[in-house]
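Work through the following exercises with the sequence and the model side by side, and try each task before reading its solution.

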Amino acid sequence: MHRFDLRVYYEDTDLAGIVYYANYLKFIERARSEWVRDLGVDQAAMKAETGQVFAVRRVVADYLAPARFDDRLTVVTRVLKVTPARIILGQDVTREGESLFTSEVTLVALDGQGGATRLPAVLRQLTPA
């Protein structure tokens with residue numbers, strides 16, 4: 001399990017001071033980037049050396065409660081399933097333990113021409129939580 005903390009800025013909200021729904025996708029993207037970095041994967045080097053990049057194949061999202069301007073949030077990322085070609089992650093956004101947003105994200109790897117390829121070994125070796 002990986003934790004990523006963030007604060008809601010004014011730019012993340014609508015006129016009512018509530019986080020705009022699409023920004024939750026940005027929050028979980030930031031958390032995934034930090035999770036991959038913490039696994040020791042340098043995505044810029046990976047792309048430069050092999051042409052390989054990660055892509056979101058599918059997202060299922062549930063909006064449960066609103067986050068507001070200046071809230072401190074935590075994104076929790078956990079591995080749900082791993083195959084050689086894809087990894088499915090559960091990502092939840094919470095505020096002081098209250099679940100605000102839950103998601104299931106399927107990631108794949110693409111080669112330099114945009115075709116599907118195997119995930120890097122470090123991800124293929126992960127075990128579901």
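**Exercise 1: Fold and overall form**

The chain has 3 helices and 6 strands, where helices (H or I, at least four residues) and strands (E, at least two) are DSSP runs numbered from the N terminus. This is a predicted model, in which local features need pLDDT of at least 70 and side-chain atom pairs count only at pLDDT 80 or more, while totals for chains, interfaces and linings use all residues. Residues are numbered from 1 along each chain as its sequence is written, and side-chain values use heavy atoms, with hydrogens and water left out.

Task: write down the order of the elements from the N terminus, and judge how compact the chain is.

Solution. Step one is to follow the chain from its N terminus, which gives the order β-α-α-β-β-β-β-β-α. Step two is to compare the radius of gyration, 15 Å, with the 14 Å that the globule rule gives for 129 residues; the two are close, so the chain is as compact as a globular protein of that length. Here the radius is taken over C-alpha atoms, and the rule is 2.2 Å times the number of residues to the power 0.38. Step three adds the extent of the C-alpha trace, about 45 × 30 × 25 Å along its principal axes.

**Exercise 2: Burial and contacts**

Task: state what share of the residues counts as buried, and what share of the contacts joins residues 24 or more positions apart.

Solution. Begin with burial: 40% of the 129 residues count as buried, meaning under 20% relative accessible area, with exposed over 50% and partly exposed in between (1.4 Å probe, protein chains only). Then turn to contacts, that is, heavy atoms within 4.5 Å: of those with a separation of 6 or more, 64% come from residues 24 or more positions apart.

**Exercise 3: Positive phi angles**

Task: locate Asp70 and Glu96, and decide whether each is buried, partly exposed or exposed.

Solution. Take Asp70 to begin with: this residue lies in the loop between β2 (53-63) and β3 (72-82), and has a positive phi of about 75° although it is not a glycine. Its relative accessibility is 41%, and therefore Asp70 counts as partly exposed. Glu96 sits in the loop between β4 (86-95) and β5 (98-110), with a positive phi near 50°, again in a residue other than glycine. At 82% relative accessibility, Glu96 counts as exposed. To finish, look just after α2, where Gly51 takes a positive phi of about 80°.
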